[in-house]
Amino acid sequence: LSGKYPSQRHFPVRPALKSSYDVVIIGGGGHGLAAAYYLAKDWGITNVAVLEKGYLAGGNTARNTTIVRSNYLTPEGVRFYDESRQLFSDLSHELDYNILYSERGHLTLAHNDAAMRTSRWRAEVNKHMGVDSELVYPDEIAKICPQLNLSRDVHHPIEGALYHPPGAIARHDGVAWGYAKGATERGVELHTHTEVTGLKVNNDEVTQVETDRGTIKAGVVLQAVAGMSSEVARMAGLKLPIKTIPLQACVSEPVKPYLDSIVVSGSLHTYVSQSSRGEMVMGSAADPYGLYSTRSTLEFKEDLMMNMLELLPCLASLRVLRQWAGMADMTPDFSPVMGETPLKNYYIDAGWGTWGFKATPVSGKRMAETIATRQVPDLIKPFALSRFERFAQVGERGAASVGH
Ligand code: FAD
């Protein structure tokens, strides 16, 4: 049959593991794959292996609710996420792969004075940084999202909202597959079902990466393993200020296009958008305790539906199609950990918690730049691991959208 049928559509068959690479990336999620793509495309570095213990991008990349926005609270955060949003808006062209990027407008509902104050604060910071955000009141909300229940006769009436017109969704798998395709076309090796089991450190350098398929040498190592960040860092002798907490989500059966806006209520711990497939994609706050598990619970679904039906009673007859969980790598200040570590050739991309899908393009691009130049770009300097020693946290809790 040789030559008659293509052996694969997008990705080369997994090659044998070589004995050494210029760069080894641990974690084949969106972030690891994006870093591999930009290393090859922007810097011509192609002797790169991406090691993924499971199937391609089957971690949080495959489990997230795909919201992209840049209406954060700190100038550092707004600047960073807005670069990502801009990269996202042209990503289908860049990758020649349809990621179904769809600008919907993002409403963060405020149900009390404190939430109104935070919304106003965020709107002002956003505008100052050139990001389109404003505080809107119920009469405007009724025009933006007529499906919302704006009655005063509910537990938590809607007082206003932070409105962010560029807020968007995308096809999460498509983003990872597009980056993987672009990276492998340029010579990067993708090693799925290859688990990193140990790291050998000598004189402040990682000298060997141990895997369940053999040991390899690497000039530089990048760890991008989200929920497993603390565990993999421990192999390198590093202790991270990161706690892994399950985050759950679910989708309804698909219906015709009905809900344009992305609706988030921090007070009710509830958010929803309608995917390009027609499903209502719904999520809630992180679970109340740390756990390395992707099991999903009945409590999550019951709480979520109670609040969802207060906001959007029109969804009452829709059935839930499936539910799942991911493992969110939460930092104390709700900002990521990016850049250098105390080890000379070991770089980190972690602390993506409940917010890292939207950062996939910018983190890949800027981590690739960091590795290629051995210089941390100004854009990601505020997110250095060392900020926790310097008491220089970048507090984004107020912009996390759902409570934690
Ligand atoms: P992952 O996609 O998890 O990739 C890491 C990979 O590392 C995994 O595939 C894992 O198998 C692999 N790995 C782990 N250990 C090893 C090892 N020892 N050896 C080899 N490989 C290893 N973010 C947003 O911006 N917007 C949202 O709307 C949003 N919603 C979310 C909803 C849910 C339910 C969840 C769980 C998360 C959500 N997030 C959201 C967060 C977002 O999903 C993540 O921050 C982001 O996907 C992280 O990408 P990643 O590539 O770093 O991690």
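**Exercise 1. A surface patch**

Asp-132 has a relative accessible area of 42%. Decide whether Asp-132 is buried, partly exposed or exposed in this predicted model.

*Solution.*
- Step 1: Recall the cut-offs. Buried means under 20% relative accessible area, and exposed means over 50%.
- Step 2: Apply them. At 42%, Asp-132 is partly exposed.
- Step 3: Locate the residue. Asp-132 lies in the loop between helix 5 (113-128) and strand 6 (134-136).
- Step 4: Look at its company. Asp-132 gathers with Glu-134, Asp-139 and Glu-140 in a surface patch of negative charge.

**Exercise 2. A three-stranded sheet**

Work out the strand order of the open sheet that contains strands 3, 8 and 4, and name its edge strands.

*Solution.*
- Step 1: Read the order. The 3 strands run 3-8-4, with antiparallel pairing.
- Step 2: Find the edges. Strand 3 (67-68) and strand 4 (102-103) each pair on one side only, so they are the edge strands.
- Step 3: Check one pairing. Strand 3 and strand 8 (residues 168-169) are joined by 2 bridges and run antiparallel.
- Step 4: Name a pair. Val-68 has Ala-168 in strand 8 as its bridge partner.

**Exercise 3. Strand 1 and its neighbours**

Find which strands are joined to strand 1 by bridges, and state the direction of each pairing.

*Solution.*
- Step 1: Take strand 12 (residues 214-223). It is joined to strand 1 by 6 bridges, and the two run parallel.
- Step 2: Pick a contact there. Ile-26 stands opposite Gln-223 in strand 12.
- Step 3: Take strand 2 (residues 48-51). Here 4 bridges link it to strand 1, again in parallel.
- Step 4: Pick a contact there too. Val-24 has Ala-49 in strand 2 as its bridge partner.
- Step 5: Consider burial. In strand 1 (residues 20-26), 5 of the 7 residues are buried, so the strand is largely enclosed by the rest of the structure.

**Exercise 4. Two positive phi angles**

Phe-334 and Arg-374 both have a positive phi. Give each value, then place each residue and judge its exposure.

*Solution.*
- Step 1: Recall the background. Most residues other than glycine have a negative phi.
- Step 2: Read the angles. Phi is near 65° for Phe-334 and near 60° for Arg-374.
- Step 3: Place them. Phe-334 sits in the loop between strand 17 (320-330) and strand 18 (337-340). Arg-374 belongs to the segment after helix 10 (360-373).
- Step 4: Judge exposure. Phe-334 is buried because its relative accessibility is 7%, under the 20% cut-off. Arg-374, at 41%, is partly exposed.

Methods:
Residues numbered from 1 in each chain as written. Predicted model: local features only at pLDDT ≥ 70, side-chain atom pairs only at ≥ 80, totals over all residues. Heavy atoms only, no water. Patch = residues over 30% accessible without salt bridge, like charges linked within 9 Å, V, L, I, M, F, W, Y side chains within 5 Å. Areas by Shrake-Rupley, 256 points an atom, 1.4 Å probe, with all protein chains shown as cover. Salt bridge = Lys/Arg side-chain N within 4 Å of Asp/Glu carboxyl O. Lys, Arg positive; Asp, Glu negative; His and termini not counted. Charge placed at Lys NZ, Arg CZ, Asp CG, Glu CD. Buried < 20%, exposed > 50% of the residue type's maximum accessible area, 1.4 Å probe, protein only.
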